[in-house]
Amino acid sequence: KKKKLAALKDFRERTLVAVKPDGVQRRLVGQIIQRFEQRGFKLVGLKMLEASEELLSEHYCELRMKPFYHGLLRYMTSGPVVVMVWEGHNVVQTSRTMVGHTNPAEAPAGTVRGDFSIHVSRNVVHASDSVEGAQREIQLWFQEKDILNWDCCDQTSTGDV
Ligand code: IDP
């Protein structure tokens with residue numbers, strides 16, 4: 001029973017992925033969502049918003065002293081973002097691999113940044129970098145009620161149809 005519970009928890013790992021303003025403006029939202037769906041992850045939260053400076057300063061609190069910090073905030077407030085919560089086995093680490101290196105020049109082809117971007121200041125997408133970081137970011141961007149648990153139709157009885 002314990003083993004079953006641990007396995008269940010493992011499949012419930014969650015991460016925060018965001019399409020940044022340049023990704024929205026370049027109509028890349030669909031392709032980015034498609035990659036995560038196709039890989040096998042489960043979309044449990046999704047919204048579009050213009051992020052406030054207050055929210056972004058919390059989100060990027062560890063970067064406050066970096067020389068690019070103010071430029072980063074200007075970038076992230078230059079248009080709406082699409083923020084998502086994805087769930088599944090090892091989703092944090094696998095998402096980072098799918099997104100690629102922070103600097104697109106070092107991101108291999110096949111990754112989101114490697115396929116869609118050329119400069120670190122416009123790198124299209126965000127993905128949490130640790131399980132703890134993901135929990136913090138999900139709490140920051142989402143209310144618990146807006147994260148939805150759902151079952152796949154092929155695991156649901158159709159006897160009542
Ligand atoms: P990550 O997004 O890959 O986790 P972080 O180091 O946490 O990378 O940086 C957050 C974001 O800040 C990056 O995704 C990128 O948009 C921006 N950034 C990082 N380094 C630079 C830089 O040297 N110049 C401009 N922007 C940067």
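**Group meeting talk: a strand, a ligand and a few single residues**

Let me begin with one residue, Thr 15, which counts as buried because its relative accessible area is 0%, where buried means under 20% relative accessible area, exposed means over 50%, and partly exposed lies in between, with a 1.4 Å probe and protein chains only. Before going on, I should say that this is a predicted model, in which local features need a pLDDT of at least 70 and side-chain atom pairs count only at pLDDT 80 or more, while totals for chains, interfaces and linings use all residues. Residues are numbered from 1 along each chain as its sequence is written, and side-chain values use heavy atoms, with hydrogens and water left out.

As for confidence, the chain averages a pLDDT of 95, and 98% of the residues score at least 70; pLDDT is the predictor's confidence in each residue, from 0 to 100. For the complex, the predictor gives an ipTM of 0.99 and a pTM of 0.94.

Now back to Thr 15, which lies in strand β1. When I speak of helices and strands, I mean DSSP runs numbered from the N terminus, with helices being H or I of at least four residues and strands being E of at least two. The side chain of Thr 15 is joined to that of Ser 128 by a polar contact of 3.4 Å. A polar contact here is a pair of N or O atoms within 3.5 Å; within protein, one must be able to donate a hydrogen and the other to accept it, and residues adjacent in sequence count only if both atoms are side-chain atoms.

Strand β1 covers residues 14–19, and five of its six residues are buried. Which strands does β1 join through bridges? One is β3, residues 81–87, which runs antiparallel to β1 and is joined to it by six bridges. Another is β4, residues 125–127, which is also antiparallel to β1, with three bridges between them. Two strands are said to pair if DSSP finds at least two bridges between them. Val 19 is a good residue to look for in the structure, since it stands opposite Val 82 in β3 and also opposite Val 125 in β4.

Let us turn to the ligand. The residues around it include Lys 20, Tyr 60, Phe 68, Arg 96, Thr 102, Arg 113 and Ser 121, where a residue is near a molecule or strand if one of its heavy atoms lies within 4 Å of it. How far are the polar side-chain atoms of Thr 102 from an oxygen atom of the ligand? One such atom of Thr 102 lies 2.5 Å from a ligand oxygen, while for Lys 20 an N or O atom of the side chain is 2.9 Å from an oxygen atom of the ligand, and for Arg 113 the corresponding distance is 3.1 Å. Taken alone the ligand exposes 530 Å², and the protein buries 75% of that; these accessible areas come from the Shrake-Rupley method with a 1.4 Å probe, and for residues only the protein chains shown count as cover.

Thr 102 also leads us to His 119, for the C-alpha atoms of these two residues, 17 residues apart along the chain, are separated by 9.2 Å. His 119 lies in the loop between α7 (112–116) and β4, and its side chain makes a polar contact of 2.8 Å with the side chain of Ser 121. Is His 119 buried or partly exposed? His 119 counts as partly exposed because its relative accessibility is 46%.

What about the cysteines? If a disulfide is a pair of cysteine sulfur atoms within 2.5 Å, the count comes to zero disulfides. Cys 152 is in no disulfide, the nearest cysteine sulfur being that of Cys 153, 4.6 Å away. Cys 152 has a relative accessible area of 30%, so this residue is partly exposed, and Cys 61, at 29%, is partly exposed as well.

I will finish with three residues outside the strands. Arg 27 lies in the loop between α2 (21–25) and α3 (29–39), has a phi near 60°, a positive value in a residue other than glycine, and is exposed because its relative accessible area is 69%. Asn 90, in the loop between β3 and α6 (91–99), likewise has a positive phi near 60°, but Asn 90 is partly exposed, with a relative accessible area of 27%. Arg 74, finally, is in helix α5, residues 69–76, and is exposed at 59%; its C-alpha is 8.7 Å from that of Glu 53, although the two are 21 residues apart in sequence.
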